[in-house]
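Let's take a relaxed walk through this structure. We'll look at a few ring contacts, some backbone oddities and a pocket.

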Amino acid sequence: MQIPVRHAVFSSPDYPFDPVSAPVKLDQNESSEDFPDDLKALVLKRVAAAEWNRYPDLHADTLCAAIAGFEQWSPSGVVVTTGSNVLISLLIQLSALGGRVVTVKSNFALYGLDAQLLGSRLSEVPLREDHSVDFDAVIAALEGASAHADEPAGVIYLPRPHAPTGSQCPLDALERLAQLSRGWLLVIDEAYVHFGEGSAAELARRHAHVVLLRTFSKAWGLAGARVGYALSSDAVARQLRKLVPPFAVSVMQSECIRVALENPGYMHERVQGIVRERDRITRALSDHTTWKVSPSSGNFLLIRTPDAQQAFDHLLTNGVLVRRQDRHFGLEGCIRVTVGTRAENDAFLRAAHAAPR
Ligand SMILES: *Cc1c(COP(=O)(O)O)cnc(C)c1O
């Protein structure tokens with residue numbers, strides 16, 4: 001042993017991200033538009049009036065109440081953390097230490113990374129070729145899990161809309177999974193819910209073991225604020241809160257998010273614009289001779305190219321930064337592009353149409 005660190009941590013890879021700068025940044029599914037100036041000014045005013053010498057709420061209670069009001073959810077069923085990424089790890093600690101994490105592949109990298117760091121067994125069920133979820137295979141993967149009736153079997157992670165493909169699974173299939181997954185925590189990661197066709201909120205209201213993850217990093221244009229939350233049954237939230245460090249959400253974060261929630265109009269308007277632009281890019285690429293774009297319910301598009309490295313380099317040479325996805329299972333040749341402003345999307349489309357075949 002070189003340093004006293006658990007093997008599971010020592011042998012885990014770093015989070016796969018290389019910062020690259022480019023004039024047109026379409027690599028992280030952020031909002032291309034910043035939080036509106038007038039709302040920023042309001043946040044700064046409220047932050048200036050706050051008492052910085054005092055600890056904030058124990059569990060961001062004021063913010064939880066504001067989120068609950070916005071979502072029409074029980075305040076006792078809302079848990080806020082500094083980014084929903086944090087919740088991915090905490091939910092494994094809640095229900096899958098020594099147990100299992102079941103998800104699909106391709107998938108969002110953190111489900112597998114956190115499972116590995118925490119020593120949980122990971123099962124990844126391949127998506128079908130059209131990127132749809134094979135629910136029979138997911139249900140089959142749950143079998144033979146729970147050795148002890150008094151310990152949970154583990155956590156199931158499903159992003160909906162799916163990242164990084166943009167596909168969206170039907171709610172009736174999720175309902176069936178919810179019915180057949182007792183003993184498991186079923187977590188539906190709704191990071192991109194605003195850009196899709198409806199949330200699983202009704203499902204989560206009816207099943208105490210279903211948890212929704214939400215974030216302010218995408219549709220709300222607040223990736224820099226680092227705030228996300230879980231919506232769950234009161235019973236699950238009460239236990240999950242024990243794992244969140246006390247006083248974790250700062251006064252600055254809380255004021256910022258409350259201003260956003262009081263003024264959601266900008267977000268709804270931008271989402272409509274992003275969806276229109278997403279459909280415009282999809283149509284514009286439909287006649288591309290070698291690039292194939294997948295239908296998307298997110299603020300991004302997955303595109304299969306003959307060679308992801310070549311496509312990435314070509315776009316970057318033209319000032320456009322995208323994300324390679326070709327190391328994922330089943331996504332050979334794929335890149336992912338965030339839907340940006342109209343001008344950014346035009347720059348992307350010009351470069352795409354000039355790409356080497
Ligand atoms: C962006 C994203 C998140 C959000 O993470 P934050 O920590 O809240 O920024 C969560 N899940 C998926 C699948 C995402 O793409």
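One thing to know up front is that this is a predicted model. Let's begin with a tyrosine on the outside: Y55 has a relative accessibility of 68%, so it counts as exposed. F247 comes in at 35% relative accessibility, so this residue counts as partly exposed.

**Rings that meet**

How many aromatic pairs does a search of the whole structure find? The search turns up ten aromatic pairs. One of them brings together Y55 and F247 in a tilted arrangement, with 4.9 Å from centre to centre and 40 degrees between the planes. These two partners are 192 residues apart and link distant parts of the chain: Y55 sits in the loop between helix 2 (37-49) and helix 3 (61-71), while F247 sits in the loop between helix 9 (234-240) and helix 10 (251-262).

Now for Y111 and Y157, an aromatic pair that is stacked, with centres 4.6 Å apart and planes at 5 degrees to each other. This pair also links distant parts of the chain, since Y111 belongs to helix 5 (residues 109-117) and Y157 to strand 5 (residues 154-159), 46 residues apart. Are these two tyrosines, Y111 and Y157, buried or exposed? Both are buried.

Rings can gather in groups, too. F35, F70, F216, W220, Y229 and Y266 make up one aromatic cluster.

**A lysine with two stories**

K105 is worth a stop. This lysine lies over the face of F329, 4.3 Å from the ring centre. K105 also takes part in a cis peptide bond, the one leading to S106, where omega is near 0 degrees. S106 itself is in the loop between strand 3 (100-105) and helix 5.

There is another cis peptide bond to look at, this time joining R160 and P161, with omega at about -5 degrees. P161 is in the loop between strand 5 and helix 7 (171-179).

**Positive phi away from glycine**

Next come two residues that are not glycine and yet have a positive phi: N29 and H131. Here they are side by side.

| Residue | Phi | Loop | Relative accessibility |
|---|---|---|---|
| N29 | about 55 degrees | between strand 1 (24-25) and helix 2 | 1% |
| H131 | near 75 degrees | between strand 4 (121-126) and helix 6 (135-142) | 9% |

Why does N29 count as buried? Buried means under 20% relative accessible area, and N29 has 1%, so this asparagine qualifies. H131 has a relative accessible area of 9%, so this histidine is buried as well.

**The largest pocket**

Finally, some open space. Rolling a probe the size of a water molecule over the atoms shows where empty space is left. The largest pocket holds about 1,200 Å³ of space. Which residues come closest to the centre of this pocket? Out of 46 lining residues, they are Y15, P16, F17, R323 and R336.

Several elements contribute to the wall. Helix 4 (84-95), helix 5, strand 4, helix 12 (308-317) and strand 12 (323-324) each supply at least two lining residues. Helix 5 gives the largest share of the lining, with five residues. And what is the lining made of? The residues split into 21 nonpolar, 13 polar and twelve charged.

Helix 5, then, is a good place to return to on the model: this helix carries Y111 of the stacked pair and also supplies five residues to the lining of the largest pocket.

Terms used. Residues numbered from 1 in each chain as written. Predicted model: local features only at pLDDT ≥ 70, side-chain atom pairs only at ≥ 80, totals over all residues. Heavy atoms only, no water. Phe/Tyr/Trp six-rings, centres within 6.5 Å; stacked < 30°, edge-to-face > 60°. Helix = DSSP H or I, 4+ residues; strand = E, 2+ residues; numbered from the N terminus. Buried < 20%, exposed > 50% of the residue type's maximum accessible area, 1.4 Å probe, protein only. Lys NZ or Arg CZ within 6 Å of the ring centre and 35° of its normal. 1 Å grid on protein atoms, 1.4 Å probe; cavity = no way out; pocket = protein on both sides within 12 Å on 5 of 7 lines; lining within 4 Å. Points joined across faces, edges and corners; volume = space filled by probe spheres on them. Nonpolar A, V, L, I, M, F, W, Y, C, P; charged D, E, K, R; others polar.
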